[in-house]
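Colleague: I am new to this structure and would love a close look at one part of it. Could you walk me through the empty spaces and what surrounds them?

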Amino acid sequence: MLELKSLSAGYPGHSILEDVCLAVRPGKVLVLLGPNGCGKSTLLRTIPGLLPALGGEVLLDGKPLGSYTPRQAAQKIAYLPQSRTVPSITARRMALHGRFPYLSYPRRYRREDFAAVDRAFAQVDAADLAERPMAELSGGQRQKVYLAMALAQETDIILMDEPTTYLDVRHQLETLALTRRLAAEGRGLAVVLHDLCLALAVADEVAVLGAGRLLALGGAEEIYQSRILEEVMGVRLDRSAGPRGWRYFCELPEEA
């Protein structure tokens with residue numbers, strides 16, 4: 001389990017979030033919600049140590065994350081950023097970067113590394129992209145390759161910053177269904193999303209961030225009933241019953 005104990009995130013001289021207490025639990029999907037600029041992505045980068053914490057600590061399996069070597073931590077936590085540079089390599093070589101934590105230098109890929117990448121491409125329905133140059137792929141196709149790279153890392157904890165970026169509606173739904181399958185396998189996921197409707201449909205737990213702090217934490221039903229998202233996001237949130245559960249939708253408030 002990954003625990004945040006009074007974690008403060010930001011940059012030297014500029015704190016964005018303070019005193020955040022959260023947990024990424026095995027078998028659960030935690031979704032981080034909040035307006036633009038509230039610190040969701042900053043918090044996600046701080047968790048694995050890509051940004052130094054300004055206060056508090058991150059515990060991994062009960063031990064401070066700093067007590068692990070970078071390689072050990074990378075074998076336990078995978079991080080999928082919202083965007084990244086596009087190298088001049090094939091999609092397969094990109095996904096193989098997810099195997100770096102298991103390799104010594106100079107890196108020589110093993111049979112199990114290629115097998116892990118093949119499984120990851122199959123999970124994201126992108127096997128047909130494996131031999132194509134990254135530069136030739138669309139934004140949505142690249143996003144699927146980056147997701148495959150994170151899955152090839154084969155960690156118990158996965159952090160995803162806007163994993164549905166650039167994806168069409170069908171692939172957005174497929175990606176969120178994948179997060180549910182990963183959770184069913186026992187992995188813990190923390191996901192940043194902007195789409196409130198998708199977020200409430202996929203989340204086991206929702207963390208609402210704003211005004212420099214954690215404003216609310218609870219299950220999707222609890223967060224919906226509290227109306228905190230309407231207050232923070234400035235929208236009207238409603239839902240209707242569907243054959244597979246609640247369907248959420250947003251609209252501008254009447255005064256808008």
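Modeller: Happy to; we will go through the cavity and the pockets, and then turn to some charged residues. Please keep in mind that this is a predicted model. A word on the approach helps too: rolling a probe the size of a water molecule over the atoms shows where empty space is left.

Let us begin with the enclosed space. The structure holds 1 cavity of 30 Å³ or more, and its volume is about 40 Å³. Around this cavity you will find L4, L22, V24, L30, L32, L43, L44, I47 and A190. If you prefer to think in elements, strand β2 (14-24), strand β3 (29-33) and helix α1 (40-46) each give at least two residues to that lining. The chemistry of the wall is easy to remember: 9 residues are nonpolar, with no polar and no charged ones.

One of these lining residues, L22, leads us to a charged residue, since E3 is in contact with L22. E3 sits in strand β1 (residues 2-11). Apart from its neighbours within four places in sequence, E3 also touches A23, E57, V58 and L59. Is E3 buried or exposed? It counts as buried, because its relative accessibility is 18% and the cut-off for buried is under 20%. For a sense of scale, the C-alpha atoms of E3 and R170 lie 33 Å apart in space, and the two residues are 167 apart in sequence.

Now for the open spaces. The largest pocket has a volume of about 590 Å³. It is lined by 17 residues, and those nearest its centre are L173, L198, A201, R244 and W246. Helices α6 (169-184), α7 (196-202) and α8 (220-226), together with strand β12 (245-251), each contribute at least two lining residues. Of the elements, α7 gives the most, with 5 residues. Here the lining has 12 nonpolar, 1 polar and 4 charged residues.

The second largest pocket holds about 370 Å³ of space. Of its 15 lining residues, L50, A74, I77, Y79 and Q153 are closest to the centre. Helix α2 (70-74), strand β6 (77-80) and helix α5 (139-152) each provide at least two residues of this lining. By class, the residues divide into 12 nonpolar, 2 polar and 1 charged.

To finish, a look at how charged side chains pair up. There are 16 salt bridges in the structure. One of them joins R92 and E131, with their closest N and O atoms 2.6 Å apart. This pair links distant parts of the chain: R92 belongs to helix α3 (residues 91-96), while E131 is in the loop between α4 (111-123) and α5, 39 residues away. E131 counts as exposed because its relative accessibility is 53%, and exposed means over 50%.

Two further pairs are worth finding on the model. E185 bridges to R187 at 3.5 Å between the closest N and O atoms, and R187 is buried, with a relative accessible area of 13%. E230 pairs with R227, where the corresponding distance is 3.1 Å, and R227 counts as partly exposed at 34% relative accessibility. Elsewhere, salt bridges join several residues into a network: R99, R110, E112, D113, R119 and E154.

Notes. Residues numbered from 1 in each chain as written. Predicted model: local features only at pLDDT ≥ 70, side-chain atom pairs only at ≥ 80, totals over all residues. Heavy atoms only, no water. 1 Å grid on protein atoms, 1.4 Å probe; cavity = no way out; pocket = protein on both sides within 12 Å on 5 of 7 lines; lining within 4 Å. Points joined across faces, edges and corners; volume = space filled by probe spheres on them. Helix = DSSP H or I, 4+ residues; strand = E, 2+ residues; numbered from the N terminus. Nonpolar A, V, L, I, M, F, W, Y, C, P; charged D, E, K, R; others polar. Salt bridge = Lys/Arg side-chain N within 4 Å of Asp/Glu carboxyl O. Buried < 20%, exposed > 50% of the residue type's maximum accessible area, 1.4 Å probe, protein only. Contact = heavy atoms within 4.5 Å.
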